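Visitor: I should like a close look at one part of this model, namely the backbone where its geometry calls for comment. Please take me through that part in a connected account.

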Amino acid sequence: MSVAANDIIEAPGLRVSRLGKTFHGATRPVFSNIDFTLGRSGRLAILGRNGQGKSTLIKMLGGILPATEGDIIWNMSSSWPIGFGGGFQGSLSGLDNIRFLARLYNRDYRETLDRVDNFAELGRSLRLPVKHYSSGMRARLAFGLSLAIEFDCYLIDELVAVGDARFQQKCQEELFTHRKDRAFMMASHDVHMIAHYCDRAIIIESGKCKIFEDVQEAVDIYSWLRAA
Amino acid sequence: MSDFGLCVLITPSAAGHGWREALAVRAAQLGWLIRDSAATPGDASATGLVFAHNHAAMLAFPASARAVIIDTTATDPVDPGQPAALDALILRSQVLVEAEMAAQAGAAVLNAARYALDFPVLGPVERREGSPYRIHPSVSESPLAIFDDAAPGASATWSPRWFVYPDGFQGSADEPLIDLTGRMRPVIHGPYLHLPAGRWRVDLSFTVDPEQAHAPLLFEWGSGIEFCRIMTEIRYPGTYSVSLDRIWIEPDAVQLRIWPAHPVFQGRFGFRGCRVTRVSMDDPSPLTPIDRIVEAGVV
């Protein structure tokens, strides 16, 4: 195998370097100088108190927010942030939203619809405009679509915040059991889920970001930050 | 064969080795039997020249026939050009504690650094030394200087280089900087030098940069599993000091431990070493409690 080919195989699925974000009009950055890599089956937790920039980072990785500085280099396909319902066109029905995304991602509509409906169990409600959905129904549709279009890496923003207990259990099984070979990044306040599913963690605090190879250590630190 | 005898405890060092040789030559000239207490542990006769390794081995001799040769310098006995290895210092501190106990029981105290000494029973003896002592320039003061004087007030500086840093450090060996980020764990411990029984105070100097957060710090002074403790929370960058004061009932390997008091996300700790002082047992200043944590009054 040539050196170049070997490099391609060994390249991390995601490389983030010197990443920073300052919102328009803000005097201080949300965070700056974030550096990390994620392997093709890496499981990275994103921890931080409210307002420290977890969701901002997830949205930047998902391409929804632009970076102010630094680079995000994907060498694998990534989902949009799961739990983020901002991608839907509210006046379109669930079916039309599925059709739109199937076209966008070059997937077969019928197959995509079957997979979404199988997972989301929305039935005839898919014919209604999404703006009339409850937050739980939107979450089911969003999660169903995220899983119907297979990705190498899933970006998860607070998985436990959506749906009832049965739906959450279903989400976790789909993500962590049926897709255990995939990479994911998960922003969450649920330290038990983080400790159970992730193998590394980053903590964002006061504009600084540190990576921890020991998830339990990151959870310990985050628990103290949250209690302070 | 003579009925006279002398028991000598020598600090292991280059000079100590020279004294052992010189004493052996002198004793042989006098026709004395020469023994090592470690080689003949059952022999309790108080005749001839006996090299002891602890104070108990000297008790067979009358107090007037006991001598200790102390060496408190921080030179390495193997390579005097290098800083003394901590292991060598720990071993030497153990023997110095034994020497101090022997001195309390009446043994004459002699300084190994000199080239001529007047021994009890044997009289004047000279040692030949190829090269003089060389104290490494990085060691401004030997951590064993506390053994130079057994009176209250005697003290020694323990340089940061004698301590252990489990997570490593940045900066220099004499002014290490430690990243406090992580779970509660000792970031500095040591130096495990042996101290005699008594009251010992440690005064630490350190810098802290809490990096716009707060640095919860726990200082422990003690040995084994018994420590006195001071806890403080530092909110502003600066230079600080704390003092811990504890009584040792019996000699032991002592340690100073510094911990983040709980898991922290950020903060830097700069250690500047500490000063260890013998304190009179009836000193009116209060001891640092052992069974509860005292909030520190930092400067």
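Guide: What follows is an account of backbone geometry in chain B, with a closing remark on the domains of chain A. The model is predicted.

Let us begin with strand β11 of chain B, which spans residues 188–195 and contains B:Pro191. The peptide bond that leads from B:Gly190 into B:Pro191 is cis, its omega lying near 0°. B:Tyr192 also belongs to strand β11 of chain B. Its backbone deserves attention as well: phi of B:Tyr192 is near 65°, a positive value in a residue other than glycine. As to its surroundings, 19 other C-beta atoms lie within 10 Å of B:Tyr192, so the residue is classed as partly exposed, given that a buried residue requires 20 or more.

A further positive phi is found in a loop. B:Glu211 is not a glycine, yet its phi is positive, at about 55°. This residue sits in chain B between strand β12 (198–209) and strand β13 (215–223), in the loop that links them. B:Glu211 has 18 other C-beta atoms within 10 Å and is therefore partly exposed.

Finally, a word on chain A. Its domain assignment gives domain 1, made up of the segments 1–77, 153–161 and 180–228, and domain 2, covering 85–150. Taken over C-alpha atoms, the centres of domain 1 of chain A and domain 2 of chain A are separated by 27 Å.

Notes
Residues are numbered from 1 along each chain as its sequence is written. Chains are lettered from A and ligands numbered from 1 in the order in which they are written. This is a predicted model: local features need pLDDT of at least 70, side-chain atom pairs count only at pLDDT 80 or more; totals for chains, interfaces and linings use all residues. Helices (H or I, at least four residues) and strands (E, at least two) are DSSP runs, numbered from the N terminus. A residue is buried if 20 or more other C-beta atoms lie within 10 Å of its own, exposed if 12 or fewer, and partly exposed in between; C-beta atoms are placed from the backbone. Domain bounds come from an automatic or database domain assignment.
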